[in-house]
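Me: I have a structure to go through and would like the reasoning behind each label, not just the label. Can we take it piece by piece?

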Amino acid sequence: MSRGLAAVDDELAVRLATAAGRVLCALREETGFDDPAALRALGDRRSHEYLLGELERHRPDDAVLSEEGADDAGRLTCPRVWIIDPLDGTREYAERGRTDWAVHVALWQDGELAAGAVAMPARGQVLSTAGARLAERGAARNGSLRLAVSRTRAPALVQGLATELDAELVPMGSAGVKIGAVVLGAVDAYVHGGGQYEWDSAAPVAVARAARCHASRLDGSPLVYNQPDAWLPDLVVCRPELRDRLLAAISATATAERTS
């Protein structure tokens with residue numbers, strides 16, 4: 001892939017994630033929050049339809065793997081696959097005043113994540129593989145590590161890990177927001193052991209890697225995308241200087257859980 005095409009793919013990911021975010025913000029305004037379930041369903045569908053239409057227009061030869069679309073096995077033999085989550089953090093999207101939801105747009109090409117953008121529309125932010133930079137670490141309580149964690153489904157592993165590291169747990173919604181928080185210096189790591197789908201992490205991981213963060217499975221093995229089964233059992237994203245310490249602590253915590 002030429003550098004010119006890579007730049008165009010980066011720009012397209014940003015443009016699509018940003019525009020889908022505008023669609024979602026407008027829908028929130030016009031629909032209101034009286035029926036959260038209906039708003040969640042409508043948001044998922046509207047954003048998916050928008051992104052699918054734009055990809056068909058701009059990249060008709062590429063395959064698409066979307067949370068909201070039927071999976072087409074043809075993507076497994078296609079050299080370019082867009083992996084999208086039209087609305088990540090649907091629970092937060094349908095709650096008035098919450099901003100921790102996102103739109104994920106990633107491109108997988110020839111075995112690797114090649115481009116990605118994470119739009120956080122309610123915050124007016126877009127992170128992308130185009131010029132991603134890791135921010136300085138923000139101040140934390142007693143200088144302790146901060147781990148992003150799900151508001152509603154914090155896995156037991158993370159609770160044990162927080163004890164092992166004397167770390168502070170920082171609850172938030174979307175996986176894109178959590179990984180974005182690592183890039184932005186708001187937290188030090190995001191550790192997830194409860195399983196996710198490829199679209200939950202593809203774009204955020206692409207951005208984190210572009211910012212020189214570490215991203216892997218919990219055992220340090222690579223995250224692999226565009227697989228026949230789109231389920232990813234676990235992942236860790238952290239500041240690069242914390243890689244060895246965090247992976248060792250994860251291993252120790254997992255061992256302690258198995259033997260307790």
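Me: Which helix gives the most to the lining of the largest cavity?
Reply: H5 does, with 4 residues. Keep in mind that this is a predicted model.

Me: What makes the space a cavity, and what volume does the largest cavity have?
Reply: A cavity is a set of points where a 1.4 Å probe fits but cannot get out. The structure holds 1 cavity of 30 Å³ or more, and the largest cavity has a volume of about 40 Å³.

Me: Which residues line the largest cavity?
Reply: The lining consists of Val-118, Leu-127, Gly-176, Ile-179, Gly-180, Val-183, Pro-204, Val-207 and Ala-208. Helix H5 (175-183) and helix H6 (198-210) each supply at least two residues of this lining.

Me: How does the lining of the largest cavity divide by class?
Reply: The lining has 7 nonpolar, 2 polar and no charged residues. Gly counts as polar here, and Gly-176 and Gly-180 are among the lining residues.

Me: Why are H5 and H6 called roughly parallel to each other?
Reply: Their axes cross at roughly 10°. Angles under 35 degrees count as roughly parallel, and H5 and H6 are therefore roughly parallel to each other. The axes come within 9 Å.

Me: Which residues make the contact of H5 with H6?
Reply: On the H5 side they are Ala-175, Gly-176, Ile-179 and Val-183. H6 brings Asp-200, Pro-204, Val-205, Val-207 and Ala-208. By class, the residues of this contact divide into 7 nonpolar, 1 polar and 1 charged.

Me: What lies beside H6 in the way of strands?
Reply: H6 lies across E10 and E12, and runs at about 35° to E12.

Me: What is the order of the open sheet that holds E10 and E12?
Reply: The order is E7-E6-E8-E12-E10, an open sheet of 5 strands with mixed pairing. What makes strand E7 (168-172) and strand E10 (214-216) the edge strands is that each pairs on one side only. The twist averages 20° from one strand to the next.

Me: How do you know that E10 and strand E12 (residues 235-238) pair?
Reply: Two strands pair if there are at least two bridges between them. E10 and E12 have 3 bridges, in the antiparallel sense. One position to look at is Ala-215, with Val-237 in E12 as its bridge partner.

Me: Which strands form the open sheet with E1 in it, and in what order?
Reply: The order is E1-E2-E3-E4-E5, and the pairing is mixed. Strand E1 (63-66) and strand E5 (125-128) are the edge strands, as each pairs on one side only. Neighbouring strands of this sheet are turned by 15° against each other on average, direction ignored.

Me: Which helix packs on that sheet?
Reply: Helix H2 (residues 36-58) does, touching E1, strand E2 (80-88) and strand E3 (102-109). The direction of H2 makes about 155° with that of E2. Angles over 145 count as roughly antiparallel.

Me: How many bridges join strand E4 (residues 112-120) to E5?
Reply: There are 4, and the two strands run antiparallel. Ala-117 stands opposite Ser-128 in E5.

Technical notes. Residues numbered from 1 in each chain as written. Predicted model: local features only at pLDDT ≥ 70, side-chain atom pairs only at ≥ 80, totals over all residues. Heavy atoms only, no water. 1 Å grid on protein atoms, 1.4 Å probe; cavity = no way out; pocket = protein on both sides within 12 Å on 5 of 7 lines; lining within 4 Å. Points joined across faces, edges and corners; volume = space filled by probe spheres on them. Axes fitted to C-alpha atoms, helices over the stretch in contact; angles between N-to-C directions. Contact = heavy atoms within 4.5 Å. Parallel < 35°, antiparallel > 145°, perpendicular 65-115°, else oblique.
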